[in-house]
Amino acid sequence: MDLQSCCGDWPDYALVQSDLFSMDDHSTKETILPCYVHRSLFILLILMTVLMLILNLRNMKYDKYSISGSESKWRSYPTPKFYSALVVVDGNQAGDRGKKGYIQKVSALYVTDCGPGGAGVFSWYAINIKRPILPSSTGYIMVEPSPHAAPALRECVRGQPMVSPSGFYYEDQWMSTTCNIRCFDTPAKITDCLHGKNVFLFGDSTVRQWFEYLTEFIPGLKIFDLHNPKNIGPHLAVDLEHNIMVAYHPHGPPIRFNTISSQDLHYVANELDEIKGGKDTVIAITLWSHFSTFPVEVYIRRLQNIRRSILQLQGRSPDTVVVLKTANVQALPGDVSLYNSDWYSYQLDITMRKMFTGISVAFVDAWEMTLAHYLPHNLHPERVIVKNEIDVFLSYVCPSENK
């Protein structure tokens, strides 16, 4: 079969622009491809577009987005006039900065409208996603003293509804708007609070930071080496003199770790079912980051199982303290922004808050605590923020010095 019979009225050769990953913001180079390659690429892109529509866009509204119960709304921009688009990434999401595979450039292949001779034009557009967006105005706010005296805050108790704003920072100390947050600024204060208690931390690396903070800050709390990777766990620490145990367990899949034994991956609901509970048992739970690349239905089902296990635990041991840490904002460099966003994390966070509203649990509002601080956003907040999260956490465990 010759080219003319293969391509019909299409020209024998088509222009295809390449040089996908140039370091310029928008750079292209033209190459010549035979028309049968042109037509094959066109058919492939059409098939991929149909598949994407079926799998990912079934319930998407193109003109308006909104969250139930929220005044926030988003509108989409009109769809560009091209038949299809194929996004190509230079690297992968697991790549590290400075290593092979780190994402530097995103390119899109567009099939534009046909010319007078019926020929389509394939164009690659390379966009430097690492280019910073500069602020358009001064980035500070002047705060003046309030003429009204602040009301006295009561002790922190479980079951309080969450409010927004939930607090603010004053000289790097989190000041809650709902209850009195104690300042656990010495190892002795934390040791007195946790004396005789078993503390279980379940979740992702953002709650593992609590384990790391406690073991670094309290001299008597020694890590019992379980020979597990530091960044994965599980981990265990004990203070024999004061009868304190702190254990960290990663939540079950989905979880983005390089390597971890399947025997160390237990679902949080199953772990809760094995805990006896009581007044000397403290549990902290957080899971959100590893669910950001999955449909929200997966997250909802996981929360439903955890909620059921919490209610069963409180049914047999009502004095058990259960604290939930919310999601937090994070840095979104070019590579991370391809598969994650604070907008989607916030949707998961809203889901979690609604799921556990109305039962006897406490919340550490890490979202607002990271959003309000002057330090740059980070998936793993800096030590000063973690310290304030621990203060809120322990304020529910020991709401007063006498408890």
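# Exercises on two disulfides and strand 10

Cys179 has a relative accessibility of 1% and therefore counts as buried. The exercises below concern a predicted model.

**Exercise 1.** Determine which residue is the disulfide partner of Cys179, and state the handedness of the link.

*Solution.* Step one is the search of the whole structure, which yields two disulfides. In one of them, the sulfur atoms of Cys179 and Cys156 are 2.0 Å apart; the cut-off for a disulfide is within 2.5 Å. Step two is the torsion: about the S-S bond of Cys156 and Cys179 it is about 80 degrees, so this disulfide is right-handed. Step three is the placement in the chain. Cys156 belongs to the loop between strand 7 (122-127) and strand 8 (167-170), and Cys179 to the loop between strand 9 (173-176) and helix 3 (187-194), so the pair ties together parts that are 23 residues apart in sequence. Finally, Cys156 counts as buried because its relative accessibility is 1%.

**Exercise 2.** Describe the link of Cys193 and Cys398, and decide whether each of these cysteines is buried or exposed.

*Solution.* The sulfur atoms of Cys193 and Cys398 lie 2.0 Å apart, and the two residues form a disulfide. With 100 degrees about the S-S bond, the link of Cys193 and Cys398 is right-handed. Cys193 is part of helix 3, whereas Cys398 is in the segment after helix 9 (383-397), so the pair ties together parts that are 205 residues apart in sequence. For the accessibility step, the threshold for buried is under 20%. Cys193, at 4% relative accessibility, therefore counts as buried, and Cys398, at 0%, counts as buried as well.

**Exercise 3.** Classify Cys183 by its relative accessibility.

*Solution.* The value for Cys183 is 31%. Partly exposed covers the range between the limits of 20% and 50%. Cys183 therefore counts as partly exposed.

**Exercise 4.** Establish which strands pair with strand 10 (residues 198-203) in the cases of Phe202 and Leu201, and in which sense, parallel or antiparallel.

*Solution.* Begin with Phe202, which stands opposite His249 in strand 13. Strand 13 (residues 244-250) and strand 10 are joined by six bridges in the parallel sense. Continue with Leu201, whose opposite residue is Ala284 in strand 14. Strand 14 (residues 281-286) also runs parallel to strand 10, with six bridges between them. To complete the picture, consider how covered strand 10 is: five of its six residues are buried.

Conventions: Residues numbered from 1 in each chain as written. Predicted model: local features only at pLDDT ≥ 70, side-chain atom pairs only at ≥ 80, totals over all residues. Heavy atoms only, no water. Buried < 20%, exposed > 50% of the residue type's maximum accessible area, 1.4 Å probe, protein only. Helix = DSSP H or I, 4+ residues; strand = E, 2+ residues; numbered from the N terminus. Pairing = 2+ DSSP bridges.
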